[in-house]
Amino acid sequence: MTTGKNILVVGGAGFIGSHTTLALSEAGYNVTVYDNFSTGHRDACFDLDVVEGDLSDQPKLTAVLKDKDIACVVHFAALIEAGQSVIDPYAFYENNVAATLALLQAMRAADVGHLVFSSTAAVYGNQDVDMLSEDLPKQPVNPYGHSKLMVETVLQTAVDAYGLTSVALRYFNASGADAKGRTGERHDPETHLIPLLIQAALGQRDHFKIFGTDYDTPDGSCIRDYIHVSDLAAGHVAAVGYVLRRTQPSFEGMNLGTGTGHSVREVVDTVKRVSERDFRVDECPRRAGDPAKLVADSTRAQQALGWHAQHSDLDTIVRDAWHFFRTRNR
Ligand code: UFG
């Protein structure tokens with residue numbers, strides 16, 4: 001039995017983090033959230049145990065890991081916008097790599113040997129295949145993807161050096177919201193496709209811009225594999241159980257996606273249909289750092305974790321996100 005154990009969720013007040021803390025609690029784990037609230041939300045911590053602190057604060061993390069008798073860490077705290085990483089790469093290496101090393105050192109000092117790490121489809125970059133599987137060469141096209149790949153390399157070396165057991169979950173495009181409306185996507189500023197479209201549908205933006213209509217894809221816009229955040233949360237619960245059950249130190253990267261890609265134009269049409277609202281759409285130049293197509297082969301996660309995406313058809317994703325935004329805006 002791995003449930004009943006104490007889990008530290010670093011960055012648990014954010015979008016994917018808050019859905020994961022709900023799912024871990026529902027699965028019977030004792031959850032402590034560690035967050036500096038720079039981008040996360042206090043009301044997304046529900047009634048969980050919360051410690052406010054920075055990822056770079058190694059002494060504080062060491063104390064929390066010891067005091068709370070933590071068995072496994074789930075690490076979400078990071079800068080996440082691929083486009084922004086091209087503009088300000090140092091910030092991404094500082095937050096995503098250097099500060100993560102502080103967490104890893106703290107785990108070592110506190111003798112916590114299990115980690116589930118938030119990685120990304122952005123580690124793959126542009127590849128000439130229909131679906132991305134884990135063993136492809138990693139060739140990120142933006143500093144965000146590089147920063148996550150660097151941490152994966154560190155985790156790999158920590159297997160033999162320190163006996164760390166970890167899984168890096170490489171998410172494709174996290175989207176949707178809790179079906180009960182308890183939490184959802186609230187970035188400020190918002191840069192992600194579906195929330196921006198919903199804001200346009202709600203009249204909070206006067207138009208939406210498609211970044212690039214000249215990609216080598218059937219309709220010229222980028223293709224992504226949109227995965228419901230509650231499916232990602234379930235993937236983390238499965239990964240926590242998996243690392244805690246391992247009998248030998250190990251590192252594995254696993255994709256979490258659906259295997260189905262949707263173009264930006266398709267997502268625009270879906271938001272218009274589900275919201276029953278129309279809004280202006282402009283065709284604009286490409287955004288730097290955007291690969292043309294990212295679609296997951298998630299066979300490894302299915303086999304190792306017994307995980308399958310269950311809520312990730314595009315209509316369900318958009319409907320849940322629309323419901324969350326409308327409820328919040330009433
Ligand atoms: N897009 C637009 N207009 C916008 C915003 C986005 O056309 O105003 C397009 C982008 O060009 C891209 C697609 O919508 O083709 C999705 O863009 P997002 O910004 O929503 O997401 P990204 O694919 O850039 O990145 C997201 C996360 C990353 C993660 C990646 C994995 O932000 O953390 O998914 O695929 F690594």
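These questions and answers cover a sheet and a nonpolar core in a predicted model.

Residues are numbered from 1 along each chain as its sequence is written. Local features need pLDDT of at least 70, side-chain atom pairs count only at pLDDT 80 or more, totals for chains, interfaces and linings use all residues, and side-chain values use heavy atoms, with hydrogens and water left out.

Student: In what order do the seven strands of the open sheet stand?
Tutor: Strands here are DSSP runs of E, at least two residues, and helices are runs of H or I, at least four, numbered from the N terminus. Two strands pair if DSSP finds at least two bridges between them. The pairing in this sheet is parallel, and the order is 3-2-1-4-5-6-11.

Student: Which strands stand at the edges?
Tutor: An edge strand here has a single partner strand, so one side is left without a neighbour in the sheet. This holds for strand 3 (49–52) and strand 11.

Student: How many bridges join strand 2 to strand 3?
Tutor: These two strands run parallel. One bridge partner of Tyr 34 lies in strand 3, namely Val 51. The bridges joining strand 2 to strand 3 number four.

Student: Which element gives the most to the largest nonpolar core?
Tutor: Such a core is a set of buried (under 20% relative accessible area, 1.4 Å probe, protein chains only) Ala, Val, Leu, Ile, Met, Phe, Trp, Tyr and Cys residues joined through side-chain atoms within 4.5 Å. The largest has 37 residues. Elements giving two or more include strand 1 (6–10) and helix 1 (15–26). With ten residues, the top contributor is helix 7.

How values were computed
Buried means under 20% relative accessible area, exposed over 50%, partly exposed in between (1.4 Å probe, protein chains only).
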